[in-house]
Amino acid sequence: MTRTLITICAIVCLALSLHPFETGAARKNFYVNVAAGAHDRRETIVSFELPKELAAKSYGLRDEAGRVLPVQVDAKRQAVFVLPELKAGASKKYRVVELRTPRDVAASSRGVEVADEGKRLVVKSAGREVIGFQTKPELPDGVKSVFVRAGYIHPIYTPSGRLVSDDYPSDHYHHHGIWAAWTKTEFEGRHPDFWNVGDGTGRVDFVGVGRTWYGSVHGGFTSRQRYVDVKATPEKVALEEEWEVTVYRVGDGPRPYVVFDLVSTQTTATSAPLVLDEYRYGGVGVRGHREWKEKSKVFFLTSEGKDRANGNATRGRWCHIGGPVGGHTVGIATFDHPANLRAPQPMRLNPDDPFFNWAPSQLGKFEIKPGQPFISRYRFVVADGAPDKVELDRLWNDYATPPRVTVTNR
């Protein structure tokens with residue numbers, strides 16, 4: 001009898017060791033079917049809506065070999081996981097299983113963590129800092145107060161820990177890592193410039209951080225900004241903006257990379273529209289490392305194979321900017337989502353400075369109208385080494401045309 005009990009215990013312990021977080025299948029079995037579509041997939045970010053019947057706090061996807069992928073579910077029941085690999089035209093089936101969920105399971109698995117360090121949020125992936133978000137203005141000595149700003153992404157690091165962004169560069173104090181502003185505008189008959197804040201007609205105020213989150217698959221934050229018409233008496237808010245920034249736990253292959261998304265939602269603050277006139281820049285911008293100020297030390301590459309010499313004012317799915325930092329080549333690529341206005345959007349490749357900007361206003365006037373939120377979506381990929389066009393195309397395909405997911409109960 002004793003020997004029988006020992007055998008049973010051994011079997012139970014073995015089962016738990018194979019699936020240490022799994023407590024059993026969901027009460028009603030559900031299956032997630034993933035179809036790769038036309039592209040090879042590798043470490044692909046995939047999302048689906050969790051069925052309402054599933055009410056546990058944490059889930060995983062178990063394949064036919066017994067391996068379990070973590071699934072992260074948000075308040076809107078959007079479930080996100082990372083698909084390890086799937087060839088073009090192939091499909092894979094997973095069973096949804098409930099997981100044991102201590103509050104600190106995400107941190108202990110070295111997923112994505114977000115910490116408030118007082119002057120900025122710090123986002124870490126697998127224990128190392130990948131981006132910061134400035135929440136308190138820090139004006140460099142000698143810079144006029146009109147340039148003070150918070151509410152932007154900086155610093156930005158490669159997997160090896162090398163910086164790729166800049167803040168308050170001496171040639172353009174209004175450039176800040178990754179930031180957003182509009183340039184040539186009309187609001188209630190006035191013409192505030194929210195980009196060139198040194199002109200004193202407009203500015204963008206950081207309002208505050210909304211929510212933050214962490215997890216085994218992704219982590220991030222939301223923030224609010226206001227576009228203020230300085231020439232109005234009294235000053236008047238023309239536009240409200242919310243950012244949602246999400247960092248993903250991916251990029252662990254032979255050539256590591258960092259991936260994060262920015263979704264900007266802008267709404268009018270009054271009954272008047274904000275008119276965006278045709279102009280060569282304005283929108284979401286990227287300022288590269290200050291070592292790249294010397295023209296010979298920076299290079300641009302677009303999805304269409306263009307560079308700094310012939311890429312400005314062309315349209316593309318992505319653009320990479322890079323160069324040496326401390327003797328090591330690094331870079332950052334930014335992807336334009338096909339749902340964006342005028343996608344593939346026109347690009348500003350600055351001829352003199354290490355600066356890139358998605359600029360839909362290059363194609364002519366448009367308006368942000370009351371009751372019609374203006375949504376812009378971009379993905380960023382940060383890596384060590386020179387850009388690999390084939391790899392960037394692969395990652396853009398994952399972003400723009402993700403695998404198709406269907407959820408069934410059989």
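**Exercise 1.** Which residues line the second largest cavity? State its volume and describe the character of its lining.

*Solution.* The model examined here is predicted.

Step 1. The second largest cavity has a volume of about 70 Å³.

Step 2. Its lining is formed by E43, T44, I45, V250, Y257, V259, F335, R379, V381, L395 and D398.

Step 3. Sorting these residues by character gives seven nonpolar, one polar and three charged.

Step 4. At least two lining residues come from each of β3 (41–49), β17, β26 and α3 (389–400). The greatest contribution is that of β3, with three residues.

**Exercise 2.** How many cavities of 30 Å³ or more does the structure hold? Describe the largest cavity.

*Solution.*

Step 1. There are three cavities of 30 Å³ or more, and the largest has a volume of about 80 Å³.

Step 2. The lining of the largest cavity comprises 15 residues, of which W182, G283, V284, F374 and S376 are the closest to the centre.

Step 3. Two or more lining residues are given by each of β17 (257–268), β19 (283–287) and β26 (374–384). The strand β26 gives the most, namely three residues.

Step 4. By character, the lining of the largest cavity divides into eight nonpolar, six polar and one charged.

**Exercise 3.** Is D63 buried or exposed? Answer likewise for R67, and describe the contact between the two side chains.

*Solution.*

Step 1. The side chains of D63 and R67 form a salt bridge, with an N to O distance of 3.2 Å.

Step 2. D63 has a relative accessible area of 8%. Buried means under 20%, so D63 is buried.

Step 3. R67 has 52% relative accessibility. Exposed means over 50%, so R67 counts as exposed.

**Exercise 4.** Which parts of the chain does the salt bridge between D277 and K365 tie together? Compare the pair E188 and K236.

*Solution.*

Step 1. In the salt bridge of D277 and K365, the N to O distance is 3.8 Å.

Step 2. D277 lies in the loop between β18 (274–276) and β19, and K365 in the loop between β24 (355–358) and β25 (366–368); the pair therefore ties together parts 88 residues apart in sequence.

Step 3. D277, at 12% relative accessibility, counts as buried, whereas K365, at 53%, is exposed.

Step 4. E188 and K236 also meet in a salt bridge (2.8 Å, N to O). Because E188 lies in the loop between β13 (185–186) and β14 (202–213) and K236 in strand β16 (residues 236–248), this pair ties together parts 48 residues apart in sequence.

Step 5. E188 is partly exposed at 35%, and K236 is partly exposed at 31%.

How values were computed. Residues numbered from 1 in each chain as written. Heavy atoms only, no water. 1 Å grid on protein atoms, 1.4 Å probe; cavity = no way out; pocket = protein on both sides within 12 Å on 5 of 7 lines; lining within 4 Å. Points joined across faces, edges and corners; volume = space filled by probe spheres on them. Helix = DSSP H or I, 4+ residues; strand = E, 2+ residues; numbered from the N terminus. Nonpolar A, V, L, I, M, F, W, Y, C, P; charged D, E, K, R; others polar. Salt bridge = Lys/Arg side-chain N within 4 Å of Asp/Glu carboxyl O. Buried < 20%, exposed > 50% of the residue type's maximum accessible area, 1.4 Å probe, protein only.
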